[in-house]
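Colleague: Got a minute to walk me through this one? I'd like to start with what counts as touching.
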Amino acid sequence: MTHLSDEFLLAYLDGQLEKGQTSEVSQLAGSNPEVSRRVARLKRTQAQLVEALGSFAREEIEVPRSALQMDGAAEAPPVAKPASPVRPAPTLTPASARTEPKRSSAARQLFFLCAVFASGLAGGYGATLLAPQRAALPHKIVDRPPGAMFTPASWSADIAKFHSFFPKEMLTPHPDAIANPEFIRFQLSKITAKALTPPDFSHQGFTLYRGQTLKYNQDNMMQLTYSSKTEAPLTLYVLPADGYSDSPIHAQAFGSYKAVSWVSDRVRFLLTAEKNEEDLKVLAVIAQSQMPRKR
Amino acid sequence: MAAYGNIFSQQAGTIHKAMPRLYKFALVLTANEELARGLLRGTVRAMHIRNEWQDEDARRLTSGFRRMYVLWTAKLNEDPGLQKKCPPDPRLFVAAFAKGPLASNAQFARFIASLPAEQRGVLYLVYGEGASYDEAAEVTALNMLALMKLLAQGHAALTQWLDERGTVSGDSYSHRERAA
């Protein structure tokens, strides 16, 4: 943890790290002169930026009235004091978002709307008279046999299914792929709200080479990919588990993919690879053993 | 830093209250009064078209910042020479900086105005508005790593500026660094 980037140290100073990570960096800054010097340097620039930009943010400012003119289309908020006359400011709205000023009176608009509504009604009814009888629609979804109905899958099945859409090339390490374990750790901690470290499978021949944040329903989810010189990549999905109780390692298969999932201390995990179920379970136990113990 | 964060999302207020903050963000992004007025106007209009005035206060402010940032980047993409035509004006920042005990405020204002707009924007969101990294990333639609890099580059630029001016105090870190 001595090779900390400035980005990570800055996140520490800006209070963006989890408690565990913060205390680790604090300890390191206390014991390592190099880290301590870098932290002090960043603290200095941080103080200057907070002071300067903070005072700009707190400064009382008068909003030019010309900036708030909206062609009468919207209620422009009043400004405290009338600004001095200024020439009209150019509007920076992109061409796609620009609208022509509305000049028609309310009565004309109402009349136009009524006409459109009436013609729509008449046209719609006429169309039903003219159109040929259609074939009967298929049964509603509730009438179909249970086997044909979509049943909401569990989160682990959902993610395993999602994973199956990743072509192998996307999981295979690219020569230019940059593994930034520090940043992966930072993101992982943000997503799970815990000071988590990606599991280390190096003794099993797998090296962490990529972590990316994805969305699963409303949650952020971390996809950690491990590469091996001899085997297909290993992928671990990690996401928060608010509302889920702890559950033991559970194996499942989705097509040719095998996966194991578990919930521990409000974090969900799903590990998948082209391996048999037992191997995956062993890797899951290794991952579990490296997680911080519950307090 | 405990008392510093979270102003961004907690501060509620009507759109009337939010307007000066939006205008200041426009000034920071453009560093040009005329462009800032136009940008604010465009943002207000875009938010009106999308009914974003209806959002609750905190969301509305975030929407306003985001909409403004999107408009500004779109405008810069449309016209990459815009900042040359309407150059950054450091005088916009001098008055605010002069209230602090900073030495050479005018030069510091020039330094801030000389930063790339994107960098100025994220530095202002984080250190001026007190936004968290997540909030700043939401406004700028940058991924976390890109945001952190921009912030670190801003710090590096400031360190270099301080070094060049020799304003880092006697126990200068950078001087020691150079010596090393």
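Modeller: Two residues are in contact if their C-beta atoms, placed from the backbone, lie within 7 Å. Keep in mind that this is a predicted model.

Colleague: Fine. Which residues does Ala259(A) touch, leaving out those up to four places away in sequence?

Modeller: Ser156(A) and Ala160(A) are two of them. The others are Gln252(A), Phe254(A), Leu270(A), Leu271(A) and Thr272(A).

Colleague: Where does Ala259(A) lie?

Modeller: In strand β5 of chain A.

Colleague: Buried or exposed, and why?

Modeller: Ala259(A) is buried, because 26 other C-beta atoms lie within 10 Å. The cut-off for buried is 20 or more.

Colleague: How far is Ala259(A) from His163(A)?

Modeller: In sequence, 96 residues. In space, 9.9 Å from C-alpha to C-alpha.

Colleague: Back up a bit. What sheet does chain A have, and in which order do the strands come?

Modeller: An open sheet of six strands. The order is β1-β2-β3-β6-β5-β4, with antiparallel pairing.

Colleague: Which strands stand at the edges?

Modeller: β1 (207-216) and β4 (247-254) of chain A. Each has a single partner strand, so one side of each has no neighbour in the sheet.

Colleague: And by how much are neighbouring strands turned against each other?

Modeller: By 20° on average, ignoring direction.

Colleague: Let's do β3(A). How many of its residues are buried?

Modeller: Six of the seven, so β3(A) is mostly covered.

Colleague: How does β3(A) pair with β2(A)?

Modeller: In the antiparallel sense, over five bridges. That joins residues 219-227 of β2 with residues 234-240 of β3 in chain A. The connection is a hairpin through six residues. Tyr226(A) stands opposite Leu234(A). Met222(A) has Val238(A) as its bridge partner.

Colleague: What about β6(A), how many bridges does it share with β3(A)?

Modeller: Seven, again antiparallel. Here Val238(A) is bridged to Phe269(A) in β6(A). So Val238(A) has a bridge partner in β6(A), as well as Met222(A).

Colleague: Which helices lie across the strands?

Modeller: Helix α5 (residues 155-164) of chain A lies across β1, β3, β4, β5 and β6. It runs at about 40° to β4(A). Helix α8 (residues 277-290) of chain A lies across β3, β4, β5 and β6. That helix runs at about 30° to β5(A).

Colleague: Zoom out. How many helices and strands are there in chain A?

Modeller: Eight helices and six strands. From the N terminus, the elements run α-α-α-α-α-α-α-β-β-β-β-β-β-α. Of the 295 residues in chain A, 28% are buried.

Colleague: And chain B, what is its secondary structure?

Modeller: It has 11 helices and zero strands. Of its 180 residues, 42% count as buried.

Colleague: What share of contacts join residues at least 24 apart, in each chain?

Modeller: In chain A, 53%. In chain B, 60%. Both figures are for contacts between residues at least 6 apart in sequence within the chain.

Colleague: Switching to the A-B contact. How do α3(A) and α10(B) cross?

Modeller: Helix α3 is residues 33-58 of chain A, and helix α10 is residues 144-165 of chain B. Their axes come within 10 Å and cross at roughly 95°. The two helices are therefore roughly perpendicular to each other.

Colleague: Which residues meet there?

Modeller: From α3(A), Arg41(A), Leu42(A), Thr45(A), Gln48(A) and Leu49(A). From α10(B), His155(B), Leu158(B) and Thr159(B). By type, that contact has three nonpolar residues, four polar and one charged.

Colleague: Last thing, confidence. What is the mean pLDDT of chain A?

Modeller: The mean is 74. In chain A, 68% of the residues reach 70 or more.

Colleague: Where does pLDDT stay under 50?

Modeller: Over residues 72-103 of chain A, for one. The model has 51 contacts beyond four places in sequence for that stretch. Residues 141-152 of chain A also stay under 50. For those, the model has three such contacts beyond four places in sequence.

Colleague: How should I read stretches like that?

Modeller: Where pLDDT is low, the predicted coordinates should not be read in detail.

Methods:
Residues numbered from 1 in each chain as written. Chains lettered and ligands numbered in written order. Predicted model: local features only at pLDDT ≥ 70, side-chain atom pairs only at ≥ 80, totals over all residues. pLDDT = per-residue confidence, 0-100. Helix = DSSP H or I, 4+ residues; strand = E, 2+ residues; numbered from the N terminus. Buried ≥ 20, exposed ≤ 12 C-beta atoms within 10 Å, placed from the backbone. Axes fitted to C-alpha atoms, helices over the stretch in contact; angles between N-to-C directions. Parallel < 35°, antiparallel > 145°, perpendicular 65-115°, else oblique. Nonpolar A, V, L, I, M, F, W, Y, C, P; charged D, E, K, R; others polar. Pairing = 2+ DSSP bridges.
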